[in-house]
Amino acid sequence: MAPSLLFPAAEYLPTGTAREPALKEVLDWADRAADTTTDDALLSFFGQPLDGRTLRLTGLHHVAVYLGDYRREEEFEAWLETVREHPGLSRVSSGPSHIAPRVHGTPGHWINLTTEHGTEVEFFTCRAYGEWAGLPADRKRSLMSHLGLSVDTADQVRRVLDYLAGFDSVELLAYAPEDELGHTYGHLLRTDTERVLELVHAGRSHA
């Protein structure tokens, strides 16, 4: 994706009184990023125009933002509490990252929420551990931040992933037929730019 679609997160999760203003900044940014069209997201990732309608993509599903690393679990727990208490947010849920330990060799967390403007947002953070801890901050943002595009049916997700993974410098990073939110999704990685794009079918709604 274009650099403008990567939130300039700090190296580490904001702590203390810095959490609330940092949260407001990233939520405002995510609401602006949600105006990205499907075809613009595809162009940014692939570097060439693709027709989202032909691929049965129906629009933007979510904006995913990397928030920086955490050094202790307490830092993440405090951030999650700040998110839960922030006015105007709904459907806040959280869980352990499945991709971070499998792909990047470190544990991590996700937070899913809906802003007061209706934007679905996913926050990600990984523990500063192992080889991951030594990566530059901008590379971490590139590997974890992304846009998620909606696919019209669950079985179409894998078909589109396999088709797009056939493009030069593109590979399938992960695929999950249904997660705890009821989503069927997969991630594509541009190996030359280290950008990520997600395709997802929402399935059942989460509470």
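## Helix α7 and its surroundings

In this predicted model, helix α7 (residues 154-164; helices, H or I of at least four residues, and strands, E of at least two, are DSSP runs numbered from the N terminus) has Q156, V157, V160, L161 and L164 as its buried residues, buried meaning under 20% relative accessible area with a 1.4 Å probe and protein chains only. Viewed down the axis of α7, these residues fall within an arc of 135°, so they line one face of the helix, the arc being that of the directions from the helix axis to the C-beta atoms. Their cover includes α2 (38-46) together with the strands β5 (146-151), β6 (170-176), β7 (184-190) and β8 (196-201), where contact means heavy atoms within 4.5 Å.

## Packing of α1 and α3

Helix α1 (residues 19-33) packs on helix α3 (residues 73-85) at an angle of about 60°, their axes lying 10 Å apart; axes are lines fitted to C-alpha atoms over the stretch in contact, and angles run from 0 to 180 degrees between N-to-C directions. From α1, R19, E20, A22 and L23 meet A78, W79, T82 and V83 of α3, and the residues of this contact divide into five nonpolar, one polar and two charged.

## Nonpolar cores

The largest nonpolar core (buried Ala, Val, Leu, Ile, Met, Phe, Trp, Tyr and Cys residues joined through side-chain atoms within 4.5 Å) holds 43 residues, of which F46, W79, F123 and L164 touch the most other members. Helix α1 supplies the largest share of this core, seven residues. A second, separate core of eleven residues includes A64, W110, C126 and W132.

## Basis of the values

Residues are numbered from 1 along each chain as its sequence is written. Local features need pLDDT of at least 70 and side-chain atom pairs count only at pLDDT 80 or more, while totals for chains, interfaces and linings use all residues, and side-chain values use heavy atoms, with hydrogens and water left out.

Technical notes
Buried < 20%, exposed > 50% of the residue type's maximum accessible area, 1.4 Å probe, protein only. Nonpolar A, V, L, I, M, F, W, Y, C, P; charged D, E, K, R; others polar.
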